[in-house]
Amino acid sequence: MAEVESFTLDHTKVKAPYVRLIAEETGKKGDVIANYDLRFLQPNEKEIPTGAIHTLEHLLADLLRDRLDGIIDVSPFGCRTGFHLITWGTPSSTEVATALTDVLTTIVNETKWEDVQGVDIKSCGNYRDHSLFGAKEYAKLVIEAGISDDPFERNVVK
Ligand SMILES: [Zn+2]
């Protein structure tokens with residue numbers, strides 16, 4: 001059986017919201033990619049409804065790229081408590097948490113429906129299942145709690 005790092009994490013020990021570097025890998029030509037756990041909600045206690053996490057996915061794909069270099073992908077966890085972030089290179093968890101805090105603050109305060117990219121039938125796989133209202137509500141929960149750059153100790157970034 002393959003060893004999957006995410007399944008070795010003790011989800012009862014973490015304190016969300018946080019950013020955690022899951023792994024760094026170096027390719028044959030020396031390029032480094034990193035995978036992060038962007039945990040929005042406490043595992044096994046709460047989860048983001050699908051419409052809200054879907055709209056957050058579209059918004060993070062856009063807004064996080066403006067604030068962090070080298071983003072390859074941002075994808076929701078199946079458990080709906082957060083997202084994977086894959087990057088070229090390895091920004092610090094503090095840099096990622098700071099950028100994410102800024103993005104979520106922008107979503108809460110500024111984002112209008114017209115600002116959400118890729119939400120028509122041609123560009124999305126389930127264009128009917130979006131909720132900007134929900135995205136803003138859950139973004140608000142996360143920034144009110146504060147995003148820690150440590151998964152086990154609360155060390156909220158500014
Ligand atoms: Zn979509």
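In this predicted model, Ile71 counts as buried because its relative accessibility is 12%, which falls under the 20% cut-off for that label. Ile71 belongs to strand S3, a run that covers residues 71–76. Its surroundings can be listed by name: once neighbours within four places in sequence are left aside, Ile71 is in contact with Leu64, Arg65, Leu85, Ile86 and Thr87. Val119 offers a point of reference elsewhere in the chain, for the C-alpha atoms of Ile71 and Val119 are separated by 21 Å, with the two positions 48 residues apart along the sequence.

A residue of another strand, Ile33, gives a contrasting case. Ile33 sits in strand S2, which runs over residues 32–39. With a relative accessible area of 33%, Ile33 is partly exposed, because that label covers values between 20% and 50%. Together with Ile72 and Trp88, Ile33 makes a nonpolar surface patch of about 270 Å².

Attention now turns to the metal site. The zinc ion has three protein donors, namely His54 through NE2, His58 through NE2 and Cys124 through SG, and these lie 2.1 to 2.3 Å from the ion. Along the chain, the donors follow the spacing H-x3-H-x65-C. The pair of His58 and Cys124 links distant parts of the chain, since His58 is in helix H2 (residues 50–67) and Cys124 is in the loop between helix H3 (93–109) and helix H4 (132–145), 66 residues apart. Both His58 and Cys124 are buried. His54 is likewise found in helix H2, and with a relative accessible area of 13% His54 is buried too. Not counting residues up to four places away in sequence, His54 touches Cys124, Asn126, Asp129 and His130. Cys124 therefore appears twice in this account of His54, as a fellow donor of the zinc ion and as a residue that His54 touches.Helix H4 can be checked with a little arithmetic. At 1.5 Å a residue, the 14 residues of H4 should span 20 Å, and the C-alpha atoms at its ends are indeed 20 Å apart, so expectation and model agree. The buried residues of H4 are Leu132, Gly134, Ala135, Lys136, Ala139 and Val142. Among the elements that cover these buried residues are H2 and H3.

Charged pairs complete the picture, and the structure holds five salt bridges. One of them joins Arg20 to Asp37, with the closest N and O atoms 3.1 Å apart. Arg20 lies in strand S1 (residues 18–26) and Asp37 in strand S2, so this pair ties together parts that are 17 residues apart in sequence. Arg20 and Asp37 are both buried. Asp37 also forms a salt bridge with Arg39, again with the closest N and O atoms 3.1 Å apart, and Arg39 is buried, as is Asp37.

Another salt bridge connects Asp102 with Arg67, where the closest N and O atoms are 2.7 Å apart. Asp102 is in helix H3 and Arg67 in helix H2, so the pair ties together parts that are 35 residues apart in sequence. Asp102 is partly exposed, at a relative accessible area of 38%, and Arg67 counts as partly exposed at 30%. Salt bridges with shared partners join Arg20, Asp37 and Arg39 into one network.

Key. Residues numbered from 1 in each chain as written. Predicted model: local features only at pLDDT ≥ 70, side-chain atom pairs only at ≥ 80, totals over all residues. Heavy atoms only, no water. Patch = residues over 30% accessible without salt bridge, like charges linked within 9 Å, V, L, I, M, F, W, Y side chains within 5 Å. Areas by Shrake-Rupley, 256 points an atom, 1.4 Å probe, with all protein chains shown as cover. Salt bridge = Lys/Arg side-chain N within 4 Å of Asp/Glu carboxyl O. Helix = DSSP H or I, 4+ residues; strand = E, 2+ residues; numbered from the N terminus. Buried < 20%, exposed > 50% of the residue type's maximum accessible area, 1.4 Å probe, protein only. Donors = N, O, S within 2.8 Å, 3.2 Å for Na, K, Ca; no water. Expected span 1.5 Å × (residues − 1). Contact = heavy atoms within 4.5 Å.
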